[in-house]
Amino acid sequence: MEKRTSIPANALIWFGAGVSLAEILTGTFFAPLGFRDGGIAIIAGHVIGCFLLFLAGLIGARTRRSAMETVKMAFGARGGLLFAVLNVMQLVGWTSIMIYDG
């Protein structure tokens, strides 16, 4: 029998992955905004990003397909390629931030 995780369990897993030293250090780039405005920007970014990722994960969970398979369902093979390239760019960018922070 296949073991599945619940939505709260997945939320905790991704929360733990999101609260990292690299992310906290990257958040210091918002320091010129001041504590209140910087905090609002960080929280708003997290809420928007997490909501979109949650919706994408929900689609995958309901269809029992991977993220890229669900993208191809919605945008076709060429659209899937576009999102794959965007994902690689995002990963390279985030890796460069982590290297800079390190």
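**Exercise 1. Decide whether Thr70 is buried or exposed in this predicted model, and place it in its surroundings.**

Solution. Start with the accessibility: Thr70 has a relative value of 12%. The cut-off for buried is under 20%, so Thr70 counts as buried. Next, find its element: Thr70 belongs to helix α4, which covers residues 67-101. Finally, list its partners, setting aside neighbours within four places in sequence: Thr70 is in contact with Ile59, Gly60, Thr63 and Arg65.

**Exercise 2. Work out which secondary structure elements the chain has, and whether the chain is spread out or a compact globule.**

Solution. First count the elements: there are four helices and zero strands. Read from the N terminus, their order is α-α-α-α. Now compare two values: the radius of gyration is 16 Å, while the globule rule gives 13 Å for 102 residues. The chain's value is well over that of the rule, so the chain is more spread out than a compact globule. For the outline, the C-alpha atoms fill a box of roughly 45 × 30 × 25 Å along the principal axes. As for burial, 10% of the 102 residues count as buried. The exposed area of the chain is about 8,400 Å², and carbon and sulfur atoms supply 74% of it.

**Exercise 3. Find the aromatic pair, and say what kind of pair its rings make.**

Solution. The count gives one aromatic pair. Its rings belong to Phe75 and Phe83, with centres 4.9 Å apart and planes at 40°. Stacked would need planes under 30 degrees apart and edge-to-face over 60, so this pair is tilted. Then check how open each partner is. Phe75, at 52% relative accessibility, counts as exposed, whereas Phe83, at 31%, counts as partly exposed.

**Exercise 4. Trace what Ile7 touches beyond its sequence neighbours, and how far apart Ile7 and Trp94 are.**

Solution. Begin with the element: Ile7 sits in helix α1, residues 7-18. Leaving out residues up to four places away in sequence, Ile7 touches Phe54 and Leu58. Take Leu58 as the partner to follow: Leu58 is in helix α3, and its relative accessible area of 22% makes it partly exposed. Along the chain, Leu58 and Ile7 are 51 residues apart, and their C-alpha atoms are separated by 9.0 Å. Now turn to Trp94: Ile7 and Trp94 are 87 residues apart in sequence and 26 Å apart in space, C-alpha to C-alpha. To set this in the context of the chain, take contacts between residues at least 6 apart in sequence: 44% of them join residues at least 24 apart.

**Exercise 5. Describe the setting of Ile99, and state how far apart Ile99 and Lys72 are in space.**

Solution. Ile99 has its place in helix α4. With 61% relative accessibility, Ile99 counts as exposed. For the separation, use C-alpha atoms: Ile99 and Lys72 are 32 Å apart in space and 27 residues apart in sequence.

**Exercise 6. Locate Arg64 and look at its phi angle, then see how far apart the mean positions of the charges lie.**

Solution. Arg64 is in the loop between α3 (35-63) and α4. Although Arg64 is not a glycine, its phi is positive, about 60°. For the charges, take the chain as a whole: it has 8 positive and 5 negative charges, and their mean positions are 14 Å apart.

Technical notes:
Residues numbered from 1 in each chain as written. Predicted model: local features only at pLDDT ≥ 70, side-chain atom pairs only at ≥ 80, totals over all residues. Heavy atoms only, no water. Helix = DSSP H or I, 4+ residues; strand = E, 2+ residues; numbered from the N terminus. Rg over C-alpha atoms; globule rule 2.2 N^0.38 Å. Buried < 20%, exposed > 50% of the residue type's maximum accessible area, 1.4 Å probe, protein only. Contact = heavy atoms within 4.5 Å. Areas by Shrake-Rupley, 256 points an atom, 1.4 Å probe, with all protein chains shown as cover. Lys, Arg positive; Asp, Glu negative; His and termini not counted. Charge placed at Lys NZ, Arg CZ, Asp CG, Glu CD. Phe/Tyr/Trp six-rings, centres within 6.5 Å; stacked < 30°, edge-to-face > 60°.
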